[in-house]
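Student: I should like to learn how the features of a model such as this one are read. Could we take them in turn?

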Amino acid sequence: MRTCELTKEGISYRILQNLIEEGLVEKIKYGYYQWQDEKAFTEVSVICTLFPDAIICDLSAAMYYGYTDRVPGIWHIAVDNKSARNKFKMDFPIIKPHFIDANRLDIGVSEGDIDGITVKIYDRERVVCDCLRHMNTMDGEVFNTVIQRYVKDKEKDAAKLMEYAVRLGVEKKARRVVGVWL
């Protein structure tokens, strides 16, 4: 709930602080709180509620497709590059926003199910293109695992991969790194 919603329900700042100290309420970020009980929200539900336009991307999406075994301690989300930077600063869950040009943001968006919640997530081919874009800064073992598992994936679409690679400016890398396996 937001602070203004709590105030409407008659929960003052002092009561809220007591609830936080007792462990009944958790501060998610400035002005946002959630109850801590058996119905407490999952990380993905918090992300979807606070950032409905965000798209799960990068290593978070790679894990969803089984392309990595490393559980990222951070949720990677793609957002419009015109979004306010400070709105993504929060205590829980930890997120890393990727600010992307509006003309590239919607390339490869699909839907997935995480913890019973329908989310916007980049498809397999977009995940691989993003890994190619960041291959010099990404952990080498993780990068190789993503590429190898994509190549073995029965649901891959090589034509779509190359289409995205052209649109995202990683065509040469795609042909050099992935093309030899396809």
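Tutor: Let us begin with the elements. Helices and strands are DSSP runs, with at least four residues for a helix and at least two for a strand. In this predicted model, the chain comes to 9 helices and 7 strands.

Student: What are the dimensions of the box that the C-alpha atoms fill?

Tutor: Taken along the principal axes, the box is roughly 65 × 30 × 25 Å.

Student: What is the mean pLDDT of the chain, and which elements have the lowest and the highest mean values?

Tutor: pLDDT is the predictor's confidence in each residue, from 0 to 100. The chain has a mean of 85, and 93% of its residues reach 70 or more. Among the elements, strand β2 (residues 32-35) has the lowest mean, 71, while strand β3 (residues 55-56) has the highest, 95.

Student: How much of the chain counts as buried?

Tutor: A residue is buried if its relative accessible area is under 20%. Of the 182 residues of the chain, 42% count as buried. Helix α6 is mostly covered, with 9 of its 10 residues buried. Among them are the charged residues Arg-124, Glu-125, Arg-126 and Asp-130.

Student: What share of the contacts with a separation of 6 or more comes from residues 24 or more positions apart?

Tutor: Such residues account for 53% of those contacts in the chain.

Student: At what angle do helices α6 and α7 pack, and why are they described as roughly antiparallel?

Tutor: An angle between N-to-C directions counts as roughly antiparallel if it is over 145 degrees. Helix α6 (residues 124-133) and helix α7 (residues 140-152) pack at about 150 degrees, with axes 10 Å apart; they are therefore roughly antiparallel to each other. The crossing of α6 past α7 is left-handed.

Student: Which residues make that contact, and how do they divide by character?

Tutor: Helix α6 contributes Arg-124, Glu-125, Val-128, Cys-131 and Leu-132, and helix α7 contributes Phe-143, Val-146, Ile-147 and Tyr-150. These residues divide into 7 nonpolar, no polar and 2 charged. The α6 residues Arg-124 and Glu-125, which take part in this contact, are also buried.

Student: How do helices α8 and α9 pack, and which residues meet there?

Tutor: Helix α8 (residues 158-168) and helix α9 (residues 171-178) pack at an angle of about 145 degrees, with their axes 7 Å apart. From α8, Leu-161, Met-162, Ala-165 and Val-166 meet Glu-171, Ala-174, Arg-175 and Val-178 of α9. The residues of this contact comprise 6 nonpolar, no polar and 2 charged.

Methods: Residues numbered from 1 in each chain as written. Predicted model: local features only at pLDDT ≥ 70, side-chain atom pairs only at ≥ 80, totals over all residues. Heavy atoms only, no water. Axes fitted to C-alpha atoms, helices over the stretch in contact; angles between N-to-C directions. Parallel < 35°, antiparallel > 145°, perpendicular 65-115°, else oblique. Left-handed = near helix turned anticlockwise from the far one by under 90°. Contact = heavy atoms within 4.5 Å. Buried < 20%, exposed > 50% of the residue type's maximum accessible area, 1.4 Å probe, protein only.
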